[in-house]
Every structure is written in C-alpha cells, then in structure tokens.
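Hi everyone, thanks for coming. Let me put the structure up, and then we can walk through a few spots together.

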Amino acid sequence: MTLSTRDTAEHIYANGLRNTWHPVVPSHFVKPGGLRRVTALGENWLLFRKSDGTLSMLADRCPHRGAPLSLGKHLGDRVACWYHGVEVDGTGKVTSVPGLPGCNLEGKTLVTALPVREVAGAILAYFGDEEHPEPVELTLPDPLADEDISAFLCYAEWNVPWRFAMENLLDPMHGAFLHHDSHTMYDGDTTAKFRIRETDRGYFFEKTDQRGVNFDWVELCRTGIDWVDLSIPYPPSAGPGGAFGIVGMACPVDAGRTGVFFWRYRKVQDWQRDTWRFLYRTLIEERHWAVLEQDRTMLEGLPEDADQQENLYQHDLGIVRLRRLLQAQAKQQSKADATA
Ligand code: FES
Ligand SMILES: [Fe+2]
C-alpha cells in the first residue's frame, strides 16, 4: 500500500479521509490510450486508460526503484517504466522485466491499484487503508442517477484546504452576501435563522423562514462518498425546468489544494432539455464561473489557520457539525492504523 498506516488524525484530516470514495478528476482528463499523473490525498497516482476506455488508477511509483510510472510509455494494456523498462499492467501486476527476463518480480502484484468508477463525467476512486482495502458500498447522488435530470459538470482546482471547500458548502448564508451581486442570489433576506435536520444519510442545514428565494438550504449526504445537494431558484429568463440544483463534491488533492466538482442540474425532458442545455452553454455557464470565482477568491484569501481562531454564531452550526463528523472519523482512522 502507498497509503501510509502511520498517519496521525491531523494528517488525515488535512489530506483527506480514507475508507471512502472521492472524486479525482473529470473523465476527459484521461483520453483513451492516455496516461495522466494526478495528486489525491497528498499522494501521486497514475491514471491509465486503455484504448477501449477501461480506466485504472495506480500508485505512481515503479515497483523497481520508485520512478514515476507516469513518465513511462503506454503499451496498450500496460505501462513501461521509462527508467529501466519494467512493465506493469492495469491491476498493478509486473508483467515483464525486459532487462532480466524471468526475474522473480514478474507475475507479482507490487503496485497499489485503487477501485475506480466513472460517474456523470467524473472519475471516482476508493481510497482504503491497510485494514479496509475493499471498497465500501457507493450510492450515487440521486440527481446524477436520474435519467430525467440533465447535468453539466464544472470542475476547478483551488488553492484551499479541502475542508474549507466543504465548509463553504455547508454555509448557505454566504449566498446573500458574497454572491449578492450575482444573477440568482440578489434576492431574499439578509437575516435568517437556521436549523439542522437529521436524515438517514446526513443532515440538512436550512433556513427556518425562507425557502426558494436564495441559497436557502443544503443537504450533506454521506453515501460511500461525501456530497452536498442544494438548489438555487432561477429567473424565468433562464428557460424551462424551474429551480436549479447543484451537486457538489471535493477532492482533497493535498493539504492545501482541492479539486471542486459542481454538477449543475435541472429536471427537464425532451425539447425543454435541449433548450436548457443550449441556454446553459450560451448564457448561464459564464455567469456560474463568475459566481465560483467569488467563492475561490474568498476561500483562497482565508488564512491557513482560519478554523483555529473564530467567533462562530448560529449560522455556523452546519459547519460545526461537519467538523465534528470529519474529525471524529479522522481520529478513528488513525487509531485503527495504530492498532493494525
Ligand atoms: S525504476 Fe522503474 S524500471 Fe527501474
Ligand atoms: Fe458560494
């Protein structure tokens, strides 16, 4: 395993939780017949796609002397390390040591391969630890599994710790301030009371006195992968389909970087679907990037220790609850490691 078993709870909390699925990068980052190096949970990985589209995710570390396999050569169903030519297939097995045929490395699985799935344009991978190499059950976000829903994936990499990106999503009240000048979040009260409503897969953090006007609620869902669902009302000029939903996820790249995934979706069929997709591409997408830029600017401006010195109030209960859940899990995972 390349996932270290000696990490402290702080390290795990900073670099990403284990024993869960995470989004990694959009699918189109790895073309058929392509190789791509990515960082996730503070470690380097190789995404490797065969020409028939099959995808593998391997530790980016040659089993011979540690050279990055991502510098190697794609041989169709395997990759050859550039340094001394050792060949590794998509399961992490050494298929050949060309410099020393018959070498005892041949036939051995020496490179960690993570379980991967591709969903709605994104690559998801399961990051286990030594005790939990088998993937946990993954239930996909319902809006991404529903055929009547049409979604666009928008991906960006931000220079922020992943937990800040998640906390931002559990903080609906910023919509009325940070995004006040946007085309969708100009309206509604700038004062509110919030509550937490538990569900069997997470919780809602929602305004008690306003719904359907601004960013008024968010649901955290923990279904083998952590994601949020929220909805933002849309003016009639944005075409058919009513409210506009967002599924959000975050990839912990390392302690200071995050890949953010936002699927913007609407429940639309037939001609309405075409209209919505056309409008999105020609008109709405650009505005969304502008809104996301506001989030990025604010989050990248937060000091590294922002969550160490705060004065929280009622609107931050959703964040407090999120931290408790994530920190408890990080602690438990470091303990599990210590006893392993
Ligand atoms: S380090 Fe890869 S073949 Fe030697
Ligand atoms: Fe925002």
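I'll start with the ground rules, then go to the metal site and finish with a pair of residues.

This is a predicted model, where local features need pLDDT of at least 70, side-chain atom pairs count only at pLDDT 80 or more, and totals for chains, interfaces and linings use all residues. Residues are numbered from 1 along each chain as its sequence is written, chains are lettered from A and ligands numbered from 1 in the order written, and side-chain values use heavy atoms, leaving out hydrogens and water.

So, what coordinates the iron ion (ligand 2)? His 174 (NE2), His 179 (NE2) and Asp 295, through two OD entries, at 2.1 to 2.5 Å. Donors here are N, O and S atoms within 2.8 Å of the metal (3.2 Å for Na, K and Ca); water is not among the atoms, so sites may look incomplete. The angles among the four donor atoms run from 55 to 148°, and the site is irregular. Four donors would count as tetrahedral if all angles lay between 85 and 135 degrees. In sequence, the donor residues follow H-x4-H-x115-D. His 179 sits in the loop between α3 (162-169) and β13 (194-199), while Asp 295, 116 residues away, is in helix α4 (residues 270-301). Helices (H or I, at least four residues) and strands (E, at least two) are DSSP runs, numbered from the N terminus.

Now the pair. Pro 252 lies in strand β17 (residues 244-254), and His 22 in strand β1 (residues 20-26). Pro 252 is in contact (heavy atoms within 4.5 Å) with several residues, including His 22 and Trp 162.

Conventions:
Tetrahedral: all angles 85-135°; square planar, octahedral: opposite > 155°, others 65-115°. Lists of a residue's contacts leave out its neighbours within four places in sequence.
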